[in-house]
Amino acid sequence: MIEFIQAHGLEYIGIITALLGVFYSTKQHKIAWIFNFIASFVYGILFYQVGLYSDMELQGVFMAMAIYGFLQWNRPFKLLEVTHSSGTNLLFGIGGSLIFGFASGYLHHEISNVSLPFLDATLTGFSIWGTYLAAKMKIENWLVWIFVNIIYIGIYLYKGMNGTAILYVIFLIFAFSGFYTWKKKLS
């Protein structure tokens with residue numbers, strides 16, 4: 001038991017803080033960003049250990065976005081409300097995520113012996129965009145997370161990160177819940 005905890009303890013810290021971050025995001029509570037920051041730091045270490053370098057780099061972006069999101073959601077003079085993104089912004093987000101995935105995937109493939117470089121990098125692009133949409137309280141962030149989480153579940157199962165795969169199943173449930181909760185605020 002102790003060996004299991006020692007071997008997987010860091011992953012469980014990441015899982016718990018990530019769950020708290022997404023839970024509080026669905027509630028639109030700014031403490032979500034603090035838990036997201038901690039989870040990203042922990043998962044940055046874990047993803048380095050399993051060779052998912054785009055995911056590792058993404059955690060650095062997530063930490064910066066956690067600071068940005070906390071500041072956005074903490075501004076007393078500007079109350080953010082849930083809104084839709086424009087069609088143009090959605091096209092730029094999708095296109096930018098795909099271009100990022102190709103460019104970053106190519107670099108990772110050429111420079112290192114990384115696992116699943118193009119898929120990992122493309123999901124990183126979509127995750128950066130999804131986090132930006134969340135910080136701006138755009139409802140489409142939840143749709144991005146539904147898409148990304150489904151694919152990440154398969155990747156983490158493939159990499160033997162079963163606890164993290166289960167976490168992403170829970171994230172998927174939270175993403176559906178967040179979407180419907182935020183959708184009510186639009187009505």
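Biologist: Which kind of crossing does α6 make as it passes α7, left-handed or right-handed?

Modeller: Left-handed, that's how α6 passes α7. Bear in mind that this is a predicted model.

Biologist: Fair enough. At what angle do α6 and α7 pack, and how far apart are their axes?

Modeller: The angle is about 165°, and the axes of α6 (residues 140-158) and α7 (residues 162-186) are 8 Å apart. Since angles over 145 degrees count that way, α6 is roughly antiparallel to α7.

Biologist: And what classes of residue make up the contact of α6 with α7?

Modeller: There are 19 nonpolar residues and five polar ones, with no charged residues in that contact.

Biologist: OK, confidence next. What is the mean pLDDT of the protein?

Modeller: The mean is 88, with 93% of the residues at 70 or more.

Biologist: Where is confidence lowest, and where is it highest?

Modeller: Helix α1, residues 2-26, is the lowest, with a mean of 79, while α6 is the highest at 95. As a general caution, predicted coordinates should not be read in detail where pLDDT is low.

Biologist: Switching to rings. How many aromatic pairs does the count come to?

Modeller: The count is 18 aromatic pairs. One of them is Phe-23 with Tyr-24: the ring centres are 5.2 Å apart and the planes sit at 75°, so that pair is edge-to-face.

Biologist: Are Phe-23 and Tyr-24 buried or exposed?

Modeller: In between. Phe-23 is partly exposed, at a relative accessible area of 32%, and Tyr-24 is partly exposed too, at 26%.

Biologist: What about Trp-142 and Trp-182, what geometry does that pair have?

Modeller: Trp-142 and Trp-182 are edge-to-face, with 5.5 Å from centre to centre and 90° between the planes. This pair links distant parts of the chain, as Trp-142 belongs to α6 and Trp-182 to α7, 40 residues apart.

Biologist: So are Trp-142 and Trp-182 buried or exposed?

Modeller: Both tryptophans, Trp-142 and Trp-182, are buried.

Biologist: Which residues form the aromatic cluster?

Modeller: One cluster is made up of Tyr-43, Phe-47, Tyr-152, Tyr-156, Tyr-168 and Phe-171.

Biologist: Backbone question. What is phi of Met-137?

Modeller: Near 55°, which is positive even though Met-137 isn't a glycine. Met-137 sits in the loop between α5 (117-135) and α6.

Biologist: Is Met-137 buried or exposed there?

Modeller: Buried, because its relative accessible area is 6% and anything under 20% counts as buried.

Biologist: What does phi look like at Gln-28, and where is that residue?

Modeller: Gln-28 also isn't a glycine, and its phi is positive at about 55°. You'll find Gln-28 in the loop between α1 and α2 (31-50).

Biologist: Last topic, a couple of spacings. How far apart are Ala-32 and Ile-128?

Modeller: In sequence, Ala-32 and Ile-128 are 96 residues apart; in space, the C-alpha to C-alpha distance is 17 Å. Ala-32 is in helix α2 and is buried, with a relative accessible area of 0%.

Biologist: And how far is Thr-131 from Leu-167?

Modeller: Thr-131 and Leu-167 are 18 Å apart, C-alpha to C-alpha, with their positions 36 residues apart in sequence given as the separation. Thr-131 belongs to helix α5, and at 6% relative accessibility Thr-131 counts as buried.

Methods
Residues are numbered from 1 along each chain as its sequence is written. This is a predicted model: local features need pLDDT of at least 70, side-chain atom pairs count only at pLDDT 80 or more; totals for chains, interfaces and linings use all residues. Side-chain values use heavy atoms; hydrogens and water are left out. pLDDT is the predictor's confidence in each residue, from 0 to 100. Helices (H or I, at least four residues) and strands (E, at least two) are DSSP runs, numbered from the N terminus. Axes are lines fitted to C-alpha atoms, for helices over the stretch in contact, and angles run from 0 to 180 degrees between N-to-C directions. Angles under 35 degrees count as roughly parallel, over 145 as roughly antiparallel, 65 to 115 as roughly perpendicular and the rest as oblique. A crossing is left-handed if the near helix is turned anticlockwise from the far one by less than a right angle, and right-handed if clockwise. Ala, Val, Leu, Ile, Met, Phe, Trp, Tyr, Cys and Pro count as nonpolar, Asp, Glu, Lys and Arg as charged, and the others, Gly among them, as polar. Buried means under 20% relative accessible area, exposed over 50%, partly exposed in between (1.4 Å probe, protein chains only). Rings of Phe, Tyr and Trp (its six-membered ring) pair if their centres lie within 6.5 Å; planes under 30 degrees apart count as stacked, over 60 as edge-to-face and the rest as tilted.
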